[in-house]
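Me: I would like to work through this protein step by step. Please take my questions one at a time.

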Amino acid sequence: MSLVSENCTVLFNTDKQTLVAQEEILKQLEDSDDKVKVKALKSAILMMLGGEPMPKILMTVIRFCINTEHHEFKKLLMLFWEIVPKYDSDKKLRPEMILVCNALRNDLNHSNEYVRGSMLRFLCKLREPEIIEPLVPSIKSCLNHRHSYVRKNAALAIYHIHKHHGQTLVPDGAEIMENFINAESEVGSRRNAFLMLFNEAEELAIEFLATHADEVDQFGDGFALLVLELTRKVCRRDPQQKSRFVLFLFQLLSSQSAAVSYEAAWTLVSLSSAPTAVRAAATTYTALLSLQSDNNVKLIVLERLAEMKKRQSRVLAEVLMDMLRALASPNVDICKRTLEIAIDLVSPRNIEEVVHVLKREVVRTRDSDLENSSEYRGMLIHAIHTCSVKFPEIAGSVVHVLMDFLCLEGAMDVIIFVRAIVEQNVSLRAGMLEKLINTLSEIKSSPVLGVSLWIIGEYIEDQALLDLGFRGVADLLGKSPFLVRLSHNDSILLKTDDAMLDTTTATKSVVLADGTYASQTVAIEPQPSFVSGDPVLRTLISKGDVFLGTVAVNALTKLVLKTRTIHGESHPTTKQRQLLVLDVCCGIAELIEHSTAESCSSMKNSHKVCSAGAETFQNVCLGASADCLERLTLFVRLLLDDGIDHAILGSYLNDSRQAFSRYLRYTLSATPGAEAGGKALLVSAPTIAQVDDLISWRQLRQVTPASGELDLCDGDDLMRATGFTEGGDSVGMRLSHVYQLAGFADPVYAEACVTVHDYDILLEILIINRTPSTLTNLTVELATMGDLKLVERPQSLTIGPLAQRSINANIKVSSTETGHIFGTIVYENSSTAEKTFVNLNNIHLDIMDYIRPALCSDEMFRSMWAEFEWENKVAISTP
C-alpha cells in the first residue's frame with residue numbers, strides 16, 4: 001500500500017471484485033486494437049491507485065504503448081507516467097525511465113501543437129529532477145513555437161520547474177522569462193510568464209510593470225488580477241512601496257472586467273484611506289451595482305460598501321444617489337441591503353434627493369406588478385419614516401403621497417408613520433387630519449382603522465375639523481343595532497353563496513434564486529360578499545370586531561367632549577352628537593352581549609340545530625372582552641354625569657396623547673444623531689473599538705511568512721472566521737446552559753455549566769459546602785440515559801466549611817439524540833463520619849443543543865435537502 005501515500009493527481013474508488021489479473025492486463029496491452037489497450041490501461045491505473053503492485057507493467061507499456069497516436073490513450077499514458085513507481089528500492093531511478101524520457105521528448109518535439117501543449121502541462125506535475133533534466137532544452141525550445149498554446153504551456157512548465165528545483169535545472173529561468181515576456185504578444189502566454197516573474201523574480205516583474213505602465217489594462221483580465229495580487233504582496237511587506245502601484249490601480253478601476261475592477265477597488269481601499277482613493281473605489285462599486293445583472297455580484301458589492309461605510313462614511317455619502325440605483329433590482333434582498341446602507345449616509349445635502357427617490361419607488365410599487373411589492377413598500381415606508389425622524393422638514397413632502405396607500409397592503413406602516421408626523425409636526429396636522437378623514441371610508445384593515453380613529457379623536461381641535469371628523473366617523477358607523485338579523489330564506493341564500501365561493505388558483509412564472517425559471521401556483525381565496533353595501537367600519541363591527549367598535553366610540557366621545565368645550569353643554573349640536581354616541585354605545589354593548597350569549601350556547605351544545613322559520617344571526621364574533629363593556633360604561637358616564645371632576649375629563653382627553661409624545665421622545669433619544677436635528681452627517685454605526693483597546697501597528701509588526709499572508713484589512717475577516725461577530729454574546733450563551741443541580745436549602749449546593757462540542761459534552765460542576773463542617777470523600781456520582789457515555793468520572797474531594805470547588809466531567813455522545821444526565825452527591829461529615837446523599841436534578845440534553853445557527857443559500861439548501869433519506873424515492877415492486 002506504499003503507492004497510496006505517494007503523490008497523485010486523482011484517486012478513484014474501485015470495487016475489488018471487478019479487478020482484473022495482472023497477466024490479463026499485460027495480454028490486453030499487447031493487443032493491436034487501441035480500444036482494448038485503453039480499457040486495459042484504465043484498469044491498470046485504477047489498480048495502482050488502489051495500492052495493487054504491478055511490477056511487470058512498466059516494460060510492457062514501453063514496448064507496446066509508447067508510440068501510440070490515439071489521443072485518449074496518450075492522456076491515459078500521462079496519468080500512468082505520473083503514478084508509476086520511478087525509483088527502485090535503493091531510491092535510484094529505474095533504467096526503464098530512460099526510455100520514458102525519450103518518449104516524453106518525442107512528444108515535446110511532436111508536430112501537433114496540442115500534443116506538445118498537453119505534454120508541457122503534464123510536466124508541470126512531475127517532481128523527479130532526473131526525468132525533467134534531459135527535457136529542459138526541448139521545453140525551452142517550445143518557448144519559440146509558432147502556436148500560442150505551446151508557448152503558454154511552456155512558460156508554465158518553466159515556472160513549475162524553477163519553483164520546485166530552483167537553480168538546479170533552470171538557473172537562467174528569470175532571464176528567459178524576462179526576454180520571453182518582452183517579446184510575447186499573446187495574452188495567455190504573457191500572463192503565465194508574468195506569473196513566474198511574480199513568484200520567482202519580483203523585481204523583474206515590477207520593472208516590467210513600470211515599463212509598460214500605459215498598457216496594463218490591455219494585457220487581459222488574468223494579467224490584471226496578477227498585478228493586483230503582486231500589489232498586495234509587496235505592500236504587505238513594505239508599505240512604502242504603495243506609490244509605485246497607485247497608477248496601476250487607478251487604471252484597473254476602469255477595466256471592462258467586473259472582477260478586475262472589483263479587486264482593484266478593494267485593493268485601493270486597503271492600501272489607502274485618502275478621500276481620492278476612497279471616492280474612486282466607491283464610484284467603481286456603484287458602477288458595478290448598476291451594470292451587473294447577477295444578484296450575487298450586487299450583494300457582494302453591497303457588503304463591501306457596508307464595510308467602507310464604517311470608516312469612510314463622509315466620502316461614501318457623495319455617491320449615495322448612484323448607490324440608490326440598485327433599488328431598481330427586482331430582488332428584495334438587494335433593495336433591503338441598499339436601504340440599510342443608504343439610510344445611514346443621509347445628510348442635509350442629499351436628504352431631498354433621497355426622499356424624492358424613495359417616493360418614486362413607493363409609487364412604482366403601486367403602478368408596477370412586482371413580485372414582493374408589499375414587502376418592498378414596507379421597507380420604503382420604514383426608510384422614509386427614519387429620514388423624517390432625523391430631518392423633520394421633509395415630512396410634508398412625503399406624508400400625503402404615503403397616505404394614498406392606506407387602502408393597500410402595508411397600510412399599517414403608513415398609519416404608524418402618519419401618527420408620528422401628526423404628533424411631531426403641528427404645521428402639517430390640519431391637512432393630514434382632513435385627508436385622513438376623507439380616506440377613512442377606503443381603509444379595509446381593522447388595525448389601521450383603529451389607529452386612524454385614535455388619531456382623529458386625539459388631534460382634532462378646531463371647529464371645522466370637529467364637524468368634518470364627527471360627521472365622517474358617524475356616517476361610517478351608522479345607527480344601531482349593529483346585529484344583522486336575517487330571515488330564514490336570506491340565511492339559506494347566504495349559505496348557498498358562501499358555498500359557491502370556491503378557491504381559485506393562479507399560475508405564473510417566477511425566477512428562482514439560482515437564476516432558473518419555475519412555475520408558481522397561488523391559491524386565491526375570494527372575498528365573501530356582504531348582505532348590504534354598508535361601509536367597511538360598520539361591516540367589521542357587525543361581524544363581531546367589538547374592539548374596533550370600542551375604539552370608534554372612544555373617538556366619538558372625545559369629539560363630543562371637545563364640542564361641549566366649544567359650544568357648551570346646552571347647545572343643540574352638542575346634545576345631538578351626544579345622543580348619537582349613546583346610541584352607538586348601546587349598539588356595541590348589545591353586540592357584546594349577544595356574542596357572549598352565543599359563545600356560551602355553542603359551548604353547551606355545539607351541534608344544536610335551529611328549527612325552520614326561526615330567526616338566525618349572522619355574527620362571527622372575534623371575541624368580546626369585559627374590558628370593552630367597562631370602557632363603554634366609562635364613555636356613557638363621561639357624557640351623562642355632570643358631576644365628574646374636570647381633572648378627570650382633562651386626563652381622559654390628554655393622557656393618551658401625552659404618553660404617545662413621551663414614547664416618541666424616548667425613541668428619538670435612542671436614535672443616534674437624532675437630537676442633532678440632521679445638522680450633521682448621521683451614521684448609526686455600532687462601536688468598532690473600545691477606548692482602552694490595544695492598537696496594532698502593522699508597520700511595527702514583525703515581518704514573517706505567516707504575517708505576510710494576512711490581508712491588509714483582515715480584522716473583521718478574522719473575527720468572522722473565529723465566530724466572534726459583532727453583537728455576539730459568549731457570556732450570555734454560556735449562562736443559558738447553566739443548570740441548577742441542588743436546591744438552595746441543601747447542605748451541598750451544586751450547579752453545572754454544560755458545553756457541547758459536537759460529540760463531546762463537558763460538565764463544569766460548581767460545588768459549594770453550605771455547612772460549618774468539613775466534608776470528606778465528597779463524590780459526584782453521575783449516570784446517563786440515552787446515547788451518552790461517561791468517559792471521565794469526577795475525583796473525590798474534601799471541602800472545608802463554606803468553601804467551594806469546581807470539578808469537570810467528560811461525556812461522549814454517540815448520536816445527536818435526546819439524553820438525560822442524572823446522579824447524586826455522596827459525602828461524609830468529618831466529625832460524625834456519617835454518609836449523606838443529595839439527589840441531583842436531571843440535565844435534559846435536547847437535539848437543539850447540538851444545532852448551531854448558520855446562513856445557507858437557496859441552492860445549498862436544496863442540495864442538502866435532496867441528500868436526506870426521506871426525499872429519496874424508493875422503488876417498490878408489487879406482484
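**A hairpin, two cores and a buried glutamate**

Me: In the hairpin of β12 and β13, which residue takes a positive phi?
Reply: This is a predicted model. The hairpin of β12 and β13 has five residues between the strands. One residue there has a phi near 60 degrees, and that residue is A833.

Me: In β13, what is the bridge partner of E828?
Reply: Strand β12 covers residues 819–829, and strand β13 covers residues 835–839. They pair in the antiparallel sense over five bridges. For E828, the partner in β13 is K835.

Me: Which helix gives the most to the largest nonpolar core?
Reply: The largest nonpolar core has 209 residues. Among those with the most contacts inside it are W81, F194 and I455. One helix, residues 546–567, gives ten residues, the most of any, and it is α30.

Me: How many residues does the second, separate core have?
Reply: The largest core draws at least three residues from each of domain 1 and domain 2. The second core is separate and includes A742, I807, V838 and L840. Its size is 30 residues.

Me: Is E113 buried or exposed?
Reply: E113 is found in helix α6, residues 113–123. Leaving aside neighbours within four places in sequence, E113 is in contact with H145, R146, H147, Y149 and V150. Buried means under 20% relative accessible area. E113 has 15% relative accessibility, so E113 counts as buried.

Conventions. Residues numbered from 1 in each chain as written. Predicted model: local features only at pLDDT ≥ 70, side-chain atom pairs only at ≥ 80, totals over all residues. Heavy atoms only, no water. Pairing = 2+ DSSP bridges. Helix = DSSP H or I, 4+ residues; strand = E, 2+ residues; numbered from the N terminus. Core = buried A, V, L, I, M, F, W, Y, C linked by side-chain atoms within 4.5 Å. Buried < 20%, exposed > 50% of the residue type's maximum accessible area, 1.4 Å probe, protein only. Domains from an automatic or database assignment. Contact = heavy atoms within 4.5 Å.
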